[in-house]
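Trainee: I am new to this structure, and I would like a close look at the backbone of a single chain. Could you take me through the places that deserve a careful reading?

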Amino acid sequence: MSRKGRPKGECRSAQHAGSPVTRAGWIRLGVVALCVAALEVACRLRWIDPVSVIPPSRMALGAWSLLASGEYSQDILLTLENVAMAFGIALVLGFAGGVLLHRMPRLRRAADPLLASYYAVPTFIFYPLFIVLFGLNRWPLVAIGVLFAMVAMALNTLNGFERVPAALHKTARVMGLSPVQETFLVTLPACAPYIFTGVKLAVVYAFIAVIAGEFVLSGAGFGFKIAFAYNNFDNPTMYGLMLLLLLAVGFVNWALTAWERRLHERSAGGCP
Amino acid sequence: MPHLAAPPDAEATAGAGRLAARLAGVSRVYAGTGRQPPVHALGPLDLELSQGEFFAVVGPSGCGKSTLLDVLAGLSPPTSGTVEFEGRPVTDRVPEGVGVVFQDDASFHWLTVRDNAAFGLRRQGVSEREIAERVDHAITFMGLKAFAAAYPAQLSGGMRQRLCIARTLVLRPRLLLLDEPFGALDQQTRLLMGDEVLRLWRDTGATVLLITHALDEATMLADRVGVMSARPGHFIDVVTTGWPRERDSTIVARPEFGEVTARLWLHLRAESMKAMSMTA
């Protein structure tokens, strides 16, 4: 074996380390661009009823006008605040729940069936209950977001803690680490990729719950404004808002996925 | 009755005569959980390791080899008996001077090769200059110098095991415990890793206890090989190989190599059949 260069077959190269966009990524972008172009042509040639769907170029124009006018800034801000609060609370509660389930096997055995069927429960039915509890303000929506995001965070935290190999815990003891040092220097870094998957899902679920809640249950916010524009046949505003939302969520998801991939590339297993 | 005391022949080992570790009447019983009855995993068992000796342990699956290592390292307390390292009792903490390399990959995937190797030294508060020197020496010694900035996921299984050995090596252990460190590697890599472990053993003068299921590996590497019985494991024979201290993997070509390995297998065959009938 040569020790100067990387011996053939001995090293696993991190294929994505150098380039931010992979070949598959370019293909995906190409497919999306093709679909957008096809929709543009279909709308321009009136193959699709322009009353129902407007061309993507007009959607983009509508989105830009909305941003430039500042008319919807308050609603966008309100939604982002609600998502951030739901995400933050879900993060803390979900992480604590995951650690608790890991530390208390009996509690976990009792909670297992509930956790397995959790996402079968339509969380939005609790909205009236939350209005009774929190009043007619933003908190019922935040609570819906927390309920939606929290369990994904807890399950991924639990998964992460369970995947830390016993050899790492033993190594920590061999190196004379205290339990606190072991937690912060070995256990948490070891399960970070899985916890981060929980963080990513919590962001996505918080967005879904808050926007969907605003769409049907609220009197303000991004989701409400989309529903309002829809009810008033205001297509440029509706599609403009939808495009803005898709771009924002898409960007957040892309950034988190890229970060998550980097974390998983460093661990031996790759992306789960 | 197997010869369990450290060998009196001073030529075979670097610091023969002085005891590195001693186990006396050690047994380990794991408490039952729920409907599972308690498991008597080990012993009672006696063992003496001379300073600078290379001792290998072979035995059937589930005979308590890894439990023996855990007890000796202070990772698991014995149910009865006493464990000593350099004359001091080993209780529920890993004594200073003891290093362990496990079969499973125990490299820290979030740290580079260099930071992995430096991890233990940083915890000990060693100066950065000394850390750099010792880490450089260890990763060069283990052939990882070119990969100092790489992450473990970018290394092969053999290289990751070498990294774990390097991380242990920088702490300058006087007793090195190896728990089937080459178990997941192919035969050629295992032979080459064996050469590196022999080089490490000679250069550092450490006492080495190797747990392995590979008889040829035990024969090639060790001064003495302890053969364990089926569970609860105790030594049924201790075979002295008689190899010179300066040796490498080419020793497998010697006629005596086959004789020692055959002797180990004769003992182990009966015990393995017993172990299989226990699990059937």
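Mentor: Let us begin with B:Glu180, which sits in the loop of chain B that runs between β7 and α5 (187–204); helices here are DSSP runs of H or I with at least four residues, strands are runs of E with at least two, and both are numbered from the N terminus. The model is a predicted one, in which local features need pLDDT of at least 70, side-chain atom pairs count only at pLDDT 80 or more, and totals for chains, interfaces and linings use all residues. Residues are numbered from 1 along each chain as its sequence is written, while chains are lettered from A and ligands numbered from 1 in the order in which they are written.

Although B:Glu180 is not a glycine, its phi is positive, at about 45°. B:Glu180 counts as partly exposed because it has 19 C-beta neighbours inside 10 Å, where 20 or more other C-beta atoms within 10 Å of a residue's own would make it buried and 12 or fewer exposed, with C-beta atoms placed from the backbone.

B:Arg172, also not a glycine, has a positive phi of about 50°, and this residue lies in the loop between α4 (157–169) and β7 (175–179) of chain B. With 13 C-beta neighbours inside 10 Å, B:Arg172 is partly exposed.

Next come the cis peptide bonds. One joins B:Gly43 to B:Pro44, with omega about 5°, and B:Pro44 belongs to strand β2 (residues 39–51) of chain B. Another cis bond runs from B:Arg231 to B:Pro232, with omega near -5°, and B:Pro232 is placed in the loop between β9 (224–228) and β10 (235–240) of chain B.
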